[in-house]
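Trainee: Please give me a close look at one part of this model. I want the salt bridges, set against the rest of the fold.

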Amino acid sequence: MVARALSFGAVAEAYERFRPGYPVELLDLVMTYAGGPIRTALEFGAGTGKATRLFAQGGIAVTATEPDAAMLAEMRKHLPANVTTVQAAFEDLPPDSSYELVYSAAALHWTDPEGRWARMAALVQPGGVFASFGGPIQLADPALEEAARAARAPYVETDGIPSPDGTPADRPMQWPGTELQQSEWFTDVRQSVIERRLTMSAHDYIGHLSTVSAYVILPPADRDQVFRRILQVLPETVEINAEITAHLARRHH
C-alpha cells in the first residue's frame with residue numbers, strides 16, 4: 001500500500017486534468033452538518049487540490065497538506081490566497097494546532113491505521129468536525145463495466161481499494177464510519193451519498209484510469225496494453241457513475 005500511496009507524483013498533471021472536481025453540494029453537506037461557520041480547516045492528502053479549492057471557496061482558511069512534492073507543485077498552480085500548503089504526511093503533522101474542520105478527499109485509506117483516530121482527535125478542536133469523502137469512478141453501463149473488467153483482467157485483477165477494515169459492501173455503514181462509530185473521540189457519525197453522473201470521452205476516461213494507483217504501478221508496457229484493450233471495448237463517449245460517499249463525525253467536547 002505504501003508504494004501505491006506514493007505513486008501519484010508521477011501522474012500529478014494527469015491527476016489534475018482527468019480527476020473530476022468536487023461539487024458544491026459536498027461543501028453544503030459539511031457546512032450544514034457543522035451547524036455554524038467554519039473558519040479554519042486542515043486537509044491531508046490534498047493531492048492537486050481538487051477538494052481544497054471547493055472548501056477555500058467557502059471562505060475557509062485551509063491548510064492543505066500533501067506528502068508528494070510533485071502533487072504539491074501542481075496544487076500550488078491552482079490555489080487561492082486563503083490556502084496554506086505544507087509538504088507532510090498525515091502521520092508527521094504536529095498535533096500542536098487544532099482546526100474547526102479536518103477533512104480528506106479520497107486519501108484516508110492511505111494513512112497508517114496505527115493511532116489514526118488519536119492523531120485525528122488531536123487535530124480537530126472539541127466540537128469540531130471530521131469529514132472524509134470519495135468514491136470509485138465507474139462506467140455507469142453494467143455491460144460496459146464488465147467488458148472493461150474483462151479487458152483489464154490479464155493485468156489488473158481489481159482496480160478498486162478494498163475496505164480497509166473488511167466491512168462488506170452490502171453493510172449500511174461503510175468504512176471509515178465503522179471505525180468512527182467505535183472511536184472514543186468522535187460522535188454523531190453520519191454517512192451520506194451525493195449522486196453524480198458525468199459524461200466524458202473514452203480517452204478522458206482512460207486518462208482518469210491513468211491516475212488510479214492499480215494502473216500507475218504497472219510496468220509501462222503493460223499499462224499501455226491494458227489501456228488499448230479497454231479503449232477497444234468502449235464507445236467514443238461514456239457515462240460515468242461518480243457518486244461521492246461522505247462520512248462526517250464530531251469531536252467530543
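**Salt bridges in their setting**

Mentor: Of the protein's 253 residues, 49% count as buried. Keep in mind that this is a predicted model. Start with the whole, then go to the charges.

The fold has 11 helices and 10 strands. Its radius of gyration is 18 Å, which agrees with the value near 18 Å for a compact globule of 253 residues. The C-alpha trace spans about 55 × 40 × 30 Å along its principal axes. Take the contacts between residues at least 6 apart in sequence: 75% of them join residues at least 24 apart. The exposed area is about 11900 Å², and carbon and sulfur atoms supply 51% of that area.

Now the charges. The protein carries 21 positive and 31 negative charges. The mean positions of these two sets are 2 Å apart. A search of the whole structure turns up 7 salt bridges. I will take three of them in turn.

Begin with K77 and E74. Their closest N and O atoms are 2.9 Å apart, and the pair forms a salt bridge. Look at the cover on each partner. K77 has a relative accessible area of 55% and is exposed, because the cut-off for exposed is over 50%. E74 stands at 6% relative accessibility, so it counts as buried under the 20% limit. This bridge therefore joins an exposed lysine to a buried glutamate.

Next, E146 and R149. This salt bridge also has its closest N and O atoms 2.9 Å apart. Both residues belong to helix α7, residues 142-152. They are 3 residues apart there, which means a separation of about one helical turn. The general rule is simple: an α-helix has 3.6 residues a turn, so residues three or four places apart point the same way. Neither partner is buried: E146 is partly exposed at 40% relative accessibility, and R149 is partly exposed at 35%.

Follow the chain past α7. The loop between α7 and α8 (177-182) contains P176. The peptide bond from W175 to P176 is cis, with omega near 5°.

Now D188, which deserves a slower look. D188 forms a salt bridge with R190, the closest N and O atoms being 3.2 Å apart. D188 is partly exposed at 31% relative accessibility. R190 is partly exposed too, at 41%. The pair is not isolated: D188, R190 and R250 are linked in a network of salt bridges.

The backbone at D188 stands out as well. D188 lies in strand β7, residues 186-194. Its phi is positive, about 55°, although D188 is not a glycine. Set that against the general trend: most residues other than glycine have a negative phi, and most peptide bonds are trans. D188 runs against the first part of that trend, and the bond from W175 to P176 against the second.

A106 has a positive phi too, near 55°, and is likewise not a glycine. Its place is a loop, the one between β4 (99-105) and α6 (116-123). A106 is partly exposed, at 26% relative accessibility.

For contrast, step into the covered part of the fold. A41 sits in strand β1, residues 40-44. Its relative accessibility is 0%, so A41 counts as buried. What does A41 touch, leaving out residues up to four places away in sequence? The answer is I60, A61, V62, T63, Y99, L101 and Y103. F55 is 14 residues from A41 in sequence, with 8.5 Å between their C-alpha atoms.

The buried residues of helix α4 include F55. This helix covers residues 50-57 and is mostly covered, with 6 of its 8 residues buried. The buried set is K50, A51, T52, L54, F55 and A56. Note the lysine, K50, in that set. Just after α4, G59 takes a positive phi of about 80°.

Back to your request. On the structure, look at the three bridges side by side. K77 to E74 pairs an exposed residue with a buried one. E146 to R149 spans about one helical turn of α7. D188 to R190 belongs to a network that includes R250, and D188 adds a positive phi within β7.

Key
Residues numbered from 1 in each chain as written. Predicted model: local features only at pLDDT ≥ 70, side-chain atom pairs only at ≥ 80, totals over all residues. Heavy atoms only, no water. Salt bridge = Lys/Arg side-chain N within 4 Å of Asp/Glu carboxyl O. Buried < 20%, exposed > 50% of the residue type's maximum accessible area, 1.4 Å probe, protein only. Helix = DSSP H or I, 4+ residues; strand = E, 2+ residues; numbered from the N terminus. Rg over C-alpha atoms; globule rule 2.2 N^0.38 Å. Contact = heavy atoms within 4.5 Å. Areas by Shrake-Rupley, 256 points an atom, 1.4 Å probe, with all protein chains shown as cover. Lys, Arg positive; Asp, Glu negative; His and termini not counted. Charge placed at Lys NZ, Arg CZ, Asp CG, Glu CD.
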